[in-house]
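Hello,

Here is the structure we talked about passing on. Please look it over before reading my notes underneath.

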Amino acid sequence: MTLAVTERVKQILSYYSSDNPGTLTNLARLMMHGRLAGTGRMVILPVDQGFEHGPYRSFGMNPDAMDPEYHFRLAIESGCAAYAAPLGFLEAGAAKFAGQVPLILKLNNSDSLSKLEPCSALTGSVKEALRLGCVGIGFTIYPGSSSRNEMYRQLRDLTEEAKAAGLVVVTWSYPRGTNLSKEGETSLDVAAYAAHIAAQLGSHIIKVKLPKDRIEQAEAQKVYDAQKPARATLTERVRHVVNCTFNGRRIIIFSGGETKDSDEAVLEDIRAIRDGGGYGSIIGRNSFQRPFAQGKKLLEDIMDIYK
């Protein structure tokens with residue numbers, strides 16, 4: 001049975017009034033699918049880590065996850081809003097699992113074999129996303145990299161093409177580069193800035209890392225000192241990032257980060273995202289690096305917090 005689009009979903013769709021009916025339909029499909037259907041919140045399963053970090057580093061602790069079909073089943077059985085992956089993983093299961101979970105094709109990826117300034121390679125296309133029946137494309141930008149302007153240009157070109165084809169644009173916005181300290185990558189001012197950049201580039205859904213109580217930029221520090229926005233708790237910092245992303249008029253979701261030792265540590269972050277007004281999470285390693293039943297239960301527990 002098809003669920004009626006809820007008032008909350010209609011409200012969120014109204015934030016994207018310049019988009020065509022095709023894109024709005026695919027955005028609605030994301031928000032009306034799975035365990036959180038109709039709530040305006042979403043949990044997406046991303047599995048690009050094999051490309052980004054290497055297969056055994058990513059899946060060696062749970063060898064079953066070497067199989068591309070594993071991740072389709074995990075996303076479907078847990079009730080995720082979508083499954084996002086590079087071309088190869090999606091091609092390996094898109095036909096078998098057609099129509100069972102919305103798909104997002106990750107169009108760029110980088111590997112960990114080079115330590116140069118971060119700049120991902122194009123590894124997919126809008127045409128391939130359409131061929132595989134995807135609702136959207138995914139793209140990573142690295143604000144702070146010396147190659148950022150080229151990444152912004154690529155994203156703008158792909159965004160224009162994707163929107164014309166009725167697809168949703170999901171942007172991973174990860175500050176990184178020689179001009180940022182390691183701690184600065186998750187500083188509050190930088191995380192908020194990264195989310196805002198992705199929104200200005202036309203993204204529908206934006207993924208950033210959870211922000212720390214730290215300010216990286218000296219000029220930003222002056223404003224934070226003068227205005228004193230609440231930022232002592234993670235909930236307050238999430239709320240600040242949401243506010244900096246068009247005052248919450250863009251879907252902003254937060255990464256799960258590296259694998260945590262306990263489920264409760266993951267769930268504590270989820271409560272802070274919920275209470276700070278975040279739209280949801282994109283949880284990869286913390287789910288697929290566990291045995292299937294444990295990963296599925298964790299995803300279900302996360303979604304139950306967001307309900």
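My notes cover the barrel, one helix lying across it, and a helix pair.

Keep in mind that this is a predicted model.

The barrel. It is closed by 8 strands. Their order is E1-E2-E3-E6-E7-E8-E9-E10, and the pairing is parallel. From one strand to the next, the twist averages 25°.

One strand pair in detail. E9 covers residues 251-255, and E10 covers residues 280-282. These two strands pair in the parallel sense, with 3 bridges between them. Ile253 has Gly280 in E10 as its bridge partner.

A helix on the strands. H5 is made up of residues 68-78. Helix H5 lies across three barrel strands: E1 (42-46), E2 (82-85) and E3 (103-106). Relative to E2, helix H5 runs at about 155°.

The helix pair. H1 spans residues 7-14 and H2 spans residues 21-31. Their axes come within 10 Å. How are H1 and H2 oriented to each other? The axes cross at roughly 140°. Roughly antiparallel would need an angle over 145 degrees, so H1 and H2 count as oblique to each other. The crossing of H1 and H2 is right-handed.

Which residues of H1 and H2 meet? H1 brings Val9, Ile12 and Leu13. H2 brings Leu24, Leu27, Ala28 and Met31. By class, the contact of H1 with H2 has 7 nonpolar residues, no polar ones and no charged ones.

Best wishes

Methods: Residues numbered from 1 in each chain as written. Predicted model: local features only at pLDDT ≥ 70, side-chain atom pairs only at ≥ 80, totals over all residues. Heavy atoms only, no water. Pairing = 2+ DSSP bridges. Helix = DSSP H or I, 4+ residues; strand = E, 2+ residues; numbered from the N terminus. Axes fitted to C-alpha atoms, helices over the stretch in contact; angles between N-to-C directions. Contact = heavy atoms within 4.5 Å. Parallel < 35°, antiparallel > 145°, perpendicular 65-115°, else oblique. Left-handed = near helix turned anticlockwise from the far one by under 90°. Nonpolar A, V, L, I, M, F, W, Y, C, P; charged D, E, K, R; others polar.
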